[in-house]
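Hi,

Here is the model I said I'd pass along. Have a look through it when you get a minute, and then read on for my notes.

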Amino acid sequence: MPGSHDAHGYEPPRVVASGPTEVRPLSLRPGAALGKLRGRAFIYFAFDIGQWIDLEDARTRLTSPSEDARIKGSRRAPRYFQFSPLPVRVSRAVAPVTFGHFATESGVDLTLYDFGGVSVAFTLPFEADTDRLINLASALTDDDQLPERARAEVAKVLEQTRASVTRAALSDLTEDYLVFQVEALDPAVPPSELCERFRGDLARILRSEPEALSEDEIADATAVHIAYGREDVAVLDWNAAFLFDSEADDSRAILEFANMELLEMRFLDRQLDDSLDRAYESLSRKGGGLPSFPGPSRAGLVQVGRMQVDAAILFERVNNALKLIGDPYLARVYRLASQRFRLGEWNAGILRKLEALESIYEKMSDRATTTRMEVLEWIIIVLIAAEMVIPWLTSLWRR
């Protein structure tokens with residue numbers, strides 16, 4: 001899909017969720033095929049539509065019914081693990097998209113986050129053996145219809161809520177993520193067997209690869225997994241996740257948010273690159289002769305300062321949107337997903353660029369101060385010269 005996570009030349013890791021599923025222990029030989037899988041595929045697309053969104057005002061402008069996109073908290077845990085502020089979710093009717101014998105549902109969910117992000121979710125039910133599921137994963141990965149429809153729906157939402165969005169503009173960046181939520185296997189398989197005896201099949205599903213993979217690739221694809229109980233397991237890869245769980249809504253919400261966060265990190269990183277280029281151009285401008293009037297320097301300072309503040313605010317809003325307390329399991333899911341997506345490395349890179357922008361701002365401020373001092377010195381020189389010349393001219397005139 002366009003906007004896949006290897007767009008920057010790396011494969012960030014990811015994490016998965018769990019839930020109770022009724023299974024019968026089964027004696028399986030190593031390397032046996034998974035059999036038939038039944039569940040739903042969720043395809044997420046993340047977009048940026050502006051600097052930030054007034055969610056309460058946006059809710060009143062949406063033509064479709066909306067609701068709070070909250071963490072439901074299906075596990076036994078305190079209720080503090082939550083988005084803040086709560087995103088707004090709206091459902092829209094769309095025509096199904098077919099992929100061979102499979103088709104998406106006739107509805108799509110859009111989730112609006114206050115930091116200017118919108119996530120679009122398609123749902124596709126499936127019942128297939130491993131090979132057919134891998135073919136489906138390949139079709140979804142290479143498809144152009146879903147991203148185009150997702151962008152069209154986001155554009156409609158933006159038109160309806162434009163007055164609620166600061167600096168409204170639909171970015172050309174896209175980030176996608178594919179989640180296979182499997183609710184039943186035939187024959188039944190204990191979840192603990194999945195990451196041991198069926199690593200090869202899981203890796204091929206996660207990597208959308210019809211051919212057999214090397215042991216190194218299998219190990220990397222299935223390296224990040226987590227389970228809440230004995231009847232669930234989540235395997236997270238950089239571009240897809242496999243959730244063997246009948247109640248994985250919260251885990252999917254965490255993965256959807258992590259995908260949205262990655263998109264915002266990419267968006268902010270590109271903005272900072274542009275800001276650094278413009279700031280460097282402002283810093284590199286040289287004037288000849290006498291010192292220039294301080295006005296242009298002040299305008300450049302204001303511009304660079306605004307870039308710096310805007311980037312810092314977006315960075316803080318994205319990183320503080322999810323309160324990581326109250327639910328240890330979901331907190332671990334988020335932490336593992338962040339590791340898979342290399343969000344820590346994105347954060348470190350963005351902080352370095354913010355520091356570079358701060359350094360340029362300080363240099364421009366110092367230069368503006370120096371320019372003002374030079375202008376004042378010239379004014380003093382002119383006044384002293386005038387004080388000396390005017391009396392002489394006056395006496396000369398009187399003669």
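Below is what I found, going from strand pairing to one side chain and then to some backbone oddities.

First, a caveat: this is a predicted model.

**The β1 strand and its neighbours**

I'd start with β1, which covers residues 36–48. Of its 13 residues, 10 are buried, so the strand is mostly covered, going by a cut-off of under 20% relative accessible area. β1 has an antiparallel partner in β9 (residues 117–129), with 13 bridges between the two. It also runs antiparallel to β11 (residues 175–186), and there the count is 11 bridges.

If you want a residue to click on, try F45. Its bridge partner in β9 is V120, while in β11 F45 is matched with D176.

**Q181 in β11**

Next, which residues does the side chain of Q181 reach? Q181 sits in strand β11. Its relative accessibility is 0%, and because buried means under 20%, Q181 counts as buried. The side chain has polar company, though: it reaches the backbone oxygen of D245 at 3.1 Å, and a 2.8 Å polar contact links it to the side chain of R252.

Leaving aside residues up to four places away in sequence, the residues that Q181 touches include R38, G39, R40 and F42. Also among its contacts are F126, L243, S246, E247 and A248, along with the D245 and R252 already mentioned. In terms of strands, R38, G39, R40 and F42 fall within β1, and F126 falls within β9.

**Backbone oddities**

Where does β11 lead? The loop between β11 and α4 (191–197) holds P187. The peptide bond joining D186 and P187 is cis, with omega at about 5°. D186 is itself the end of the β11 range, residues 175–186.

On the other side of β11, R167 is in the loop that lies between β10 (165–166) and β11. R167 has a positive phi of about 55° despite not being a glycine.

R342 shows up with a positive phi as well, about 55°, and it is not a glycine either. You'll find R342 in the loop between α9 (328–340) and α10 (343–398). Is R342 buried, exposed or partly exposed? Its relative accessible area is 28%, which lies between the 20% and 50% cut-offs, so R342 is partly exposed.

That's what I have for now. Shout if you'd like to go through any of it together.

Cheers

Terms used:
Residues numbered from 1 in each chain as written. Predicted model: local features only at pLDDT ≥ 70, side-chain atom pairs only at ≥ 80, totals over all residues. Heavy atoms only, no water. Buried < 20%, exposed > 50% of the residue type's maximum accessible area, 1.4 Å probe, protein only. Helix = DSSP H or I, 4+ residues; strand = E, 2+ residues; numbered from the N terminus. Pairing = 2+ DSSP bridges. Polar contact = N/O pair within 3.5 Å; in protein donor to acceptor, adjacent residues only side chain to side chain. Contact = heavy atoms within 4.5 Å.
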